[in-house]
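Please look over the model shown here. The report below takes up strand pairing, charged pairs and two charged residues in turn.

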Amino acid sequence: MRKRDIEYTEKVGSRRTLSLTLTDDTGATIDMSSVSTYSSGKWKVWKPDGTLLINGTLTFVTRSTGLVAYVLVASDTVIANAGVWEGEVEILDDESTMVVQSKTFTFTIIESY
């Protein structure tokens, strides 16, 4: 795996709120004001073998500017999940069809001493 333009580094046990502004291919922010087109979203992080470590429901912070967030929960940052992984955000319409997929980001969970 290679490092991505977007990186998140969290310590084991973190409960931080993570945020991401979604953009289109030209770099313009995506206006997600339509609640039927942009109904829900997932924050996903996985191992190289495809095992999902995080498959959490995100919140829309500011729909008009494409800002979304995810609050880490206890099971996301357990010591067994420590490592360097890949992640992405998926936005689904009201029929659960993916309509937006973020660029892949690097997601690192480190042991804290």
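## The E5-E6 pairing

Phe60 stands opposite Val68 in E6. Thr59 stands opposite Ala69, also in E6. The model is predicted. Strand E5 covers residues 59-62, and 3 bridges join this strand to E6. The two strands run antiparallel.

E5 and E6 form a hairpin. There are 4 residues between the strands. Gly66 lies in the turn and has a positive phi of about 75°.

## The three-stranded sheet

The hairpin strands belong to an open sheet of 3 strands, in the order E2-E6-E5. Pairing in this sheet is antiparallel. Strand E2 (17-21) and strand E5 stand at the edges. Each edge strand has a single partner strand, so one side of each is left without a neighbour in the sheet. On average, neighbouring strands of this sheet are turned by 35° against each other, direction ignored.

In a regular strand, side chains alternate between the two faces of the sheet.

## Salt bridges

How many salt bridges does the structure hold? There are 2.

One joins the side chains of Arg16 and Glu10, at 2.4 Å from N to O. What is the exposure of each partner? Arg16 has a relative accessibility of 43%, so this residue counts as partly exposed. Glu10 has a relative accessible area of 3% and is therefore buried.

The side chains of Glu90 and Lys44 also meet in a salt bridge, at 3.2 Å from N to O. This pair links distant parts of the chain. Glu90 is in strand E7, Lys44 is in strand E3 (residues 40-46), and the two are 46 residues apart. Glu90 is buried, with a relative accessible area of 12%. Lys44 is buried too, with a relative accessible area of 18%. The cut-off for buried is under 20%, so Lys44 at 18% counts as buried.

## Around Lys44

Lys44 is found in strand E3. Its side chain makes a polar contact with the side chain of Glu90 at 3.2 Å. Residues up to four places away in sequence are not counted in what follows. Lys44 touches Leu52, Ile54 and Asn55, among others. Its contacts also include Glu86, Gly87, Glu88 and Glu90, as well as Phe105.

Which separation along the chain lies between Lys44 and Phe107? The two are 63 residues apart. Their C-alpha atoms are separated by 9.9 Å.

## Around Asp76

Where is Asp76 found? Asp76 sits in the loop between strand E6 (67-71) and strand E7 (83-92). Asp76 is buried yet has no salt bridge. The nearest side chain of opposite charge is Arg15, 7.4 Å away. A salt bridge needs the nitrogen within 4 Å of the carboxyl oxygen, so Arg15 at 7.4 Å does not supply one.

Which side chain does the side chain of Asp76 meet in a polar contact? The partner is the side chain of Tyr70, at 2.6 Å. Neighbours within four places in sequence are left aside in the contact list of Asp76. Asp76 is in contact with Leu53 and Ile54, with Tyr70 and Val71, and with Asn81 and Ile109.

How values were computed
Residues are numbered from 1 along each chain as its sequence is written. This is a predicted model: local features need pLDDT of at least 70, side-chain atom pairs count only at pLDDT 80 or more; totals for chains, interfaces and linings use all residues. Side-chain values use heavy atoms; hydrogens and water are left out. Buried means under 20% relative accessible area, exposed over 50%, partly exposed in between (1.4 Å probe, protein chains only). Lys and Arg count as positive and Asp and Glu as negative; His and the chain ends are not counted. A polar contact is a pair of N or O atoms within 3.5 Å; within protein, one must be able to donate a hydrogen and the other to accept it, and residues adjacent in sequence count only if both atoms are side-chain atoms. Contact means heavy atoms within 4.5 Å. Two strands pair if DSSP finds at least two bridges between them. Axes are lines fitted to C-alpha atoms, for helices over the stretch in contact, and angles run from 0 to 180 degrees between N-to-C directions.
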